[in-house]
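Student: I would like to go through this model step by step, from the overall fold to single residues. Where should we begin?

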Amino acid sequence: MAKPNMCQSCGMPMKVSSDFGTEKDGIPSEKYCHYCYENGEWIQPDVTFDEFYAFSLKRFQESDMNRVEKFFLNKMYTKKFLKKLERWR
(Lines give C-alpha, C1' and ligand atoms only; values in the text may rest on other atoms or scores of the structure.)
Protein backbone atom coordinates (compact mmCIF):
# COMPACT_ATOMS: atom_id res chain seq x y z
CA MET A 1 0.00 0.00 0.00
CA ALA A 2 1.40 3.40 -0.99
CA LYS A 3 2.15 5.88 1.74
CA PRO A 4 -0.18 8.89 1.53
CA ASN A 5 1.33 12.16 0.45
CA MET A 6 1.90 14.75 3.14
CA CYS A 7 2.30 18.46 2.49
CA GLN A 8 5.95 19.33 3.01
CA SER A 9 4.97 22.73 4.36
CA CYS A 10 2.14 22.11 6.86
CA GLY A 11 2.00 18.31 7.16
CA MET A 12 -1.59 17.95 5.92
CA PRO A 13 -2.33 14.52 4.43
CA MET A 14 -3.09 14.92 0.72
CA LYS A 15 -5.50 12.17 -0.32
CA VAL A 16 -7.55 13.54 -3.21
CA SER A 17 -6.61 15.75 -6.16
CA SER A 18 -8.27 18.82 -4.63
CA ASP A 19 -5.86 18.61 -1.65
CA PHE A 20 -2.81 19.31 -3.82
CA GLY A 21 -1.49 22.76 -4.63
CA THR A 22 -0.47 23.60 -8.18
CA GLU A 23 2.70 24.49 -10.03
CA LYS A 24 2.95 27.51 -12.36
CA ASP A 25 1.90 25.35 -15.31
CA GLY A 26 -1.22 24.17 -13.46
CA ILE A 27 -0.11 20.62 -12.76
CA PRO A 28 -0.61 19.35 -9.20
CA SER A 29 2.32 19.87 -6.85
CA GLU A 30 3.81 16.62 -5.61
CA LYS A 31 4.95 18.24 -2.35
CA TYR A 32 2.54 20.93 -1.20
CA CYS A 33 -1.18 21.28 -0.43
CA HIS A 34 -3.56 23.90 -1.78
CA TYR A 35 -3.58 25.73 1.57
CA CYS A 36 0.16 26.40 1.29
CA TYR A 37 0.96 26.55 -2.42
CA GLU A 38 -0.87 27.70 -5.57
CA ASN A 39 0.36 28.54 -9.07
CA GLY A 40 3.96 27.79 -8.05
CA GLU A 41 3.95 30.27 -5.15
CA TRP A 42 3.49 30.16 -1.39
CA ILE A 43 0.13 31.40 -0.15
CA GLN A 44 1.99 33.06 2.75
CA PRO A 45 5.46 33.82 1.35
CA ASP A 46 6.79 36.06 4.13
CA VAL A 47 5.48 34.16 7.15
CA THR A 48 7.92 33.19 9.90
CA PHE A 49 8.13 29.61 11.11
CA ASP A 50 6.43 30.45 14.43
CA GLU A 51 3.63 32.39 12.72
CA PHE A 52 3.07 29.56 10.27
CA TYR A 53 3.00 26.96 13.05
CA ALA A 54 0.38 28.90 15.03
CA PHE A 55 -1.73 29.53 11.91
CA SER A 56 -1.59 25.88 10.76
CA LEU A 57 -2.34 24.44 14.19
CA LYS A 58 -5.37 26.71 14.52
CA ARG A 59 -6.60 25.77 11.03
CA PHE A 60 -6.33 22.06 11.84
CA GLN A 61 -8.07 22.48 15.20
CA GLU A 62 -10.95 24.32 13.52
CA SER A 63 -11.32 21.71 10.78
CA ASP A 64 -14.02 19.06 10.56
CA MET A 65 -11.86 16.38 12.19
CA ASN A 66 -13.55 14.38 14.91
CA ARG A 67 -12.53 14.66 18.58
CA VAL A 68 -10.23 11.64 18.49
CA GLU A 69 -8.40 12.95 15.41
CA LYS A 70 -8.02 16.37 17.04
CA PHE A 71 -6.70 14.77 20.23
CA PHE A 72 -3.96 12.97 18.29
CA LEU A 73 -3.28 16.05 16.18
CA ASN A 74 -2.59 18.10 19.30
CA LYS A 75 -0.09 15.45 20.47
CA MET A 76 1.59 15.00 17.08
CA TYR A 77 1.57 18.49 15.55
CA THR A 78 4.59 19.98 17.23
CA LYS A 79 7.25 22.43 16.12
CA LYS A 80 9.69 19.52 16.09
CA PHE A 81 7.45 17.69 13.59
CA LEU A 82 6.99 20.77 11.39
CA LYS A 83 10.74 21.50 11.28
CA LYS A 84 11.28 18.08 9.68
CA LEU A 85 9.20 19.05 6.65
CA GLU A 86 11.04 20.16 3.51
CA ARG A 87 9.93 23.82 3.56
CA TRP A 88 11.32 24.41 7.06
CA ARG A 89 14.64 22.51 6.90
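Tutor: Helices and strands here are DSSP runs, a helix having at least four residues and a strand at least two, numbered from the N terminus. The model is a predicted one. By that count the chain has three helices and six strands.

Student: In what order do the elements of the chain run from the N terminus on?

Tutor: The chain has six strands and three helices to place. Read from the N terminus, the strands precede the helices, and the order is β-β-β-β-β-β-α-α-α.

Student: How does the radius of gyration compare with the globule rule for 89 residues?

Tutor: The globule rule gives 12 Å for 89 residues, and the chain is close to this, so it is as compact as a globular protein of that length. Along the principal axes, the C-alpha trace spans about 40 × 35 × 20 Å. The radius of gyration itself is 13 Å.

Student: What share of the residues in the chain is buried?

Tutor: A residue is called buried when its relative accessible area is under 20%. The chain as a whole exposes about 6300 Å², of which carbon and sulfur atoms supply 55%. Of the 89 residues, the buried share is 36%.

Student: Among contacts between residues at least 6 apart in sequence, what percentage joins residues at least 24 apart?

Tutor: A contact requires heavy atoms within 4.5 Å. Among the contacts that span at least 6 places in sequence, the part joining residues at least 24 apart is 42%.

Student: How far apart are the mean positions of the positive and negative charges?

Tutor: Lys and Arg count as positive, Asp and Glu as negative. The chain has 15 positive and 13 negative charges, and their mean positions are separated by 10 Å.

Student: How many aromatic pairs does the structure hold, and which geometry do Tyr37 and Trp42 adopt?

Tutor: The structure holds nine aromatic pairs. In the pair of Tyr37 and Trp42, the ring centres are 5.2 Å apart and the planes meet at 65 degrees. Planes over 60 degrees apart count as edge-to-face, so the pair of Tyr37 and Trp42 is edge-to-face.

Student: Are Tyr37 and Trp42 buried or partly exposed?

Tutor: Buried means under 20% relative accessible area, and partly exposed lies between that and 50%. Tyr37 has 11% relative accessibility, so Tyr37 is buried. Trp42 has 26%, so Trp42 is partly exposed.

Student: What is the geometry of the pair formed by Phe60 and Tyr77?

Tutor: The ring centres of Phe60 and Tyr77 lie 5.2 Å apart, with the planes at 80 degrees. That angle is over the limit of 60 degrees, so Phe60 and Tyr77 are edge-to-face.

Student: Which parts of the chain does this pair link, and how many residues apart are they?

Tutor: Phe60 belongs to helix 1 (residues 49-61), while Tyr77 is in the loop between helix 2 (67-76) and helix 3 (79-83). Phe60 is buried at 8% relative accessible area, and Tyr77 is buried at 2%. Ring pairs also join Phe60 and Tyr77 with Tyr53 and Phe81 in a cluster. Along the chain, Phe60 and Tyr77 are 17 residues apart.

Student: Is Gln8 buried or exposed, and which residues is Gln8 in contact with beyond its neighbours within four places in sequence?

Tutor: Gln8 sits in the loop between strand 1 (5-6) and strand 2 (13-14). Its relative accessible area is 18%, so Gln8 is buried. Leaving aside neighbours within four places in sequence, the contacts of Gln8 are Lys31, Tyr32, Leu85, Glu86, Arg87 and Arg89.

Student: How far apart in space are Lys84 and Gln8, C-alpha to C-alpha?

Tutor: Lys84 is in the segment after helix 3, and at 54% relative accessibility Lys84 counts as exposed. Lys84 and Gln8 are 76 residues apart in sequence, yet their C-alpha separation is 8.6 Å.

Student: What separates the C-alpha atoms of Gly26 and Leu85?

Tutor: Gly26 is in the loop between strand 3 (20-22) and strand 4 (28-33), and is partly exposed at 44% relative accessible area. Gly26 and Leu85 are 59 residues apart along the chain, and their C-alpha atoms are separated by 23 Å.

Technical notes
Residues are numbered from 1 along each chain as its sequence is written. This is a predicted model: local features need pLDDT of at least 70, side-chain atom pairs count only at pLDDT 80 or more; totals for chains, interfaces and linings use all residues. Side-chain values use heavy atoms; hydrogens and water are left out. The radius of gyration is taken over C-alpha atoms; the globule rule is 2.2 Å times the number of residues to the power 0.38. Buried means under 20% relative accessible area, exposed over 50%, partly exposed in between (1.4 Å probe, protein chains only). Accessible areas come from the Shrake-Rupley method with a 1.4 Å probe; for residues, only the protein chains shown count as cover. The place of a charge is taken as NZ of Lys, CZ of Arg, CG of Asp or CD of Glu. Rings of Phe, Tyr and Trp (its six-membered ring) pair if their centres lie within 6.5 Å; planes under 30 degrees apart count as stacked, over 60 as edge-to-face and the rest as tilted.
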